[in-house]
Amino acid sequence: FGVTKLLVYASTQDALLSVAPAARERPLFALLVSLTAGLVAGSMAGLASHPADTVVTRLTTGGFGRDWRAALDDVLSGAASDEAAEQAKVLYAGVRQRCLALAIIVTAQFILFDGLRTLLAVSKEDLSLILDVFEDRLDFYSAWDEVEDRDKTQTLTLTLALALALT
């Protein structure tokens with residue numbers, strides 16, 4: 001859900017801003033872009049995650065424990081036939097309401113996020129900075145060299161001890 005929401009929001013926002021670049025300069029247009037991208041992102045995230053959410057809901061409410069296959073079979077048993085279209089109808093039952101609710105929630109999240117980002121004068125570039133605080137202090141790869149050297153030392157010690165024991 002989260003990955004879909006973020007990817008669709010960013011893609012939709014970029015597409016809208018490429019079509020209407022003036023929206024970057026005008027707060028009202030920027031709000032409309034955030035609103036539209038949020039609605040699309042929430043709807044698509046709800047659509048993508050609905051079948052899994054249906055099975056997880058049945059898993060927790062149906063007393064199946066951790067057996068998700070039994071929960072899935074239980075959900076699919078409500079289908080009129082074994083055809084894929086009928087099974088999809090069962091998996092996507094209630095998807096319209098979920099997409100609408102998530103579209104509203106996700107839109108509110110992103111409008112709040114974009115509004116606070118604008119209010120605090122934080123650019124997209126500021127959010128994508130990579131801060132290497134430990135770059136000159138830590139080397140995560142040298143520890144593996146030490147382990148390898150220790151293993152070689154232990155192997156050599158064991159070999160010498162075995163050779164001495166055999167003589």
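What follows is a chat about the helices, cores, surface and side-chain pairs of a predicted model.

Biologist: How many helices and strands are there in the chain?

Modeller: The model is predicted, and its chain has seven helices and zero strands. Read along the sequence, the pattern is α-α-α-α-α-α-α.

Biologist: What share of the residues is buried?

Modeller: Of the 167 residues in the chain, 22% are buried.

Biologist: And what does the chain expose?

Modeller: About 12400 Å² is exposed, and carbon and sulfur atoms supply 65% of that area.

Biologist: Take contacts between residues at least 6 apart in sequence. What percentage join residues at least 24 apart?

Modeller: The figure is 61%.

Biologist: Moving inside. Which residues make up the largest nonpolar core?

Modeller: That core has eight residues: V55, L59, A71, V75, L76, A79, V90 and L91. At least two of them come from each of helix 2 (27–61), helix 3 (68–76) and helix 4 (84–91).

Biologist: Which helix gives the most to this core?

Modeller: Helix 3 does, with three residues.

Biologist: Why would such side chains sit together?

Modeller: As a general point, nonpolar side chains in soluble globular proteins tend to be buried together.

Biologist: Pick L76. What is L76 in contact with, leaving aside its neighbours within four places in sequence?

Modeller: L76 is in contact with Q87 and L91. There is also another core, apart from the largest one, with six residues, including V8, A37, A41 and F110.

Biologist: Now the outside. Which residues make the nonpolar surface patch of about 510 Å²?

Modeller: L28, F29, L31, L32, L35 and L39 make that patch. One of them, L31, is found in helix 2.

Biologist: Why does L31 count as partly exposed?

Modeller: Its relative accessibility is 41%, and partly exposed covers the range between the 20% and 50% cut-offs.

Biologist: Different topic. How many aromatic pairs does the structure hold?

Modeller: It holds one aromatic pair. Y9 and F110 form it, and the pair is stacked, with 3.7 Å centre to centre and 5° between the planes.

Biologist: Where do Y9 and F110 lie?

Modeller: Y9 lies in helix 1 (residues 2–19) and F110 in helix 5 (residues 95–119), so the pair ties together parts that are 101 residues apart in sequence.

Biologist: Are Y9 and F110 buried or exposed?

Modeller: Y9 is buried, and F110 is buried too.

Biologist: Next, charges. What is the count of salt bridges?

Modeller: The count is four. In general, side chains of opposite charge can pair when their charged atoms come close.

Biologist: What does R98 form a salt bridge with?

Modeller: R98 pairs with D53, and their closest N and O atoms are 3.5 Å apart. R98 is in helix 5 and D53 is in helix 2, 45 residues apart, so this pair links distant parts of the chain. D53 counts as partly exposed because its relative accessibility is 31%.

Biologist: Which side chain meets D74 in a salt bridge?

Modeller: The side chain of R58 does, at 2.8 Å from N to O. This pair also links distant parts of the chain, with D74 in helix 3 and R58 in helix 2, 16 residues apart. D74 is partly exposed at 30% relative accessibility, and R58 is partly exposed with a relative accessible area of 30%.

Biologist: What about K89, which side chain does it meet in a salt bridge?

Modeller: K89 meets E86, at 3.4 Å from N to O. The two are three residues apart in helix 4, which means that about one helical turn separates them.

Biologist: Are K89 and E86 exposed or buried?

Modeller: K89 counts as exposed, at 56% relative accessibility. E86 counts as partly exposed, at 21%, a value above the 20% cut-off for buried.

Biologist: Last one, M44. Where is the place of M44?

Modeller: M44 is in helix 2. At 38% relative accessibility, M44 counts as partly exposed.

Biologist: What is M44 in contact with, apart from its neighbours within four places in sequence?

Modeller: M44 is in contact with T4 and V8.

Biologist: And how many residues apart in sequence are M44 and F1?

Modeller: They are 43 residues apart in sequence, and 8.8 Å apart in space from C-alpha to C-alpha.

Terms used:
Residues are numbered from 1 along each chain as its sequence is written. This is a predicted model: local features need pLDDT of at least 70, side-chain atom pairs count only at pLDDT 80 or more; totals for chains, interfaces and linings use all residues. Side-chain values use heavy atoms; hydrogens and water are left out. Helices (H or I, at least four residues) and strands (E, at least two) are DSSP runs, numbered from the N terminus. Buried means under 20% relative accessible area, exposed over 50%, partly exposed in between (1.4 Å probe, protein chains only). Contact means heavy atoms within 4.5 Å. Accessible areas come from the Shrake-Rupley method with a 1.4 Å probe; for residues, only the protein chains shown count as cover. A nonpolar core is a set of buried Ala, Val, Leu, Ile, Met, Phe, Trp, Tyr and Cys residues joined through side-chain atoms within 4.5 Å. Patches are made of residues with over 30% relative accessible area and no salt bridge: like charges are joined within 9 Å, nonpolar side chains (Val, Leu, Ile, Met, Phe, Trp, Tyr) within 5 Å. Rings of Phe, Tyr and Trp (its six-membered ring) pair if their centres lie within 6.5 Å; planes under 30 degrees apart count as stacked, over 60 as edge-to-face and the rest as tilted.
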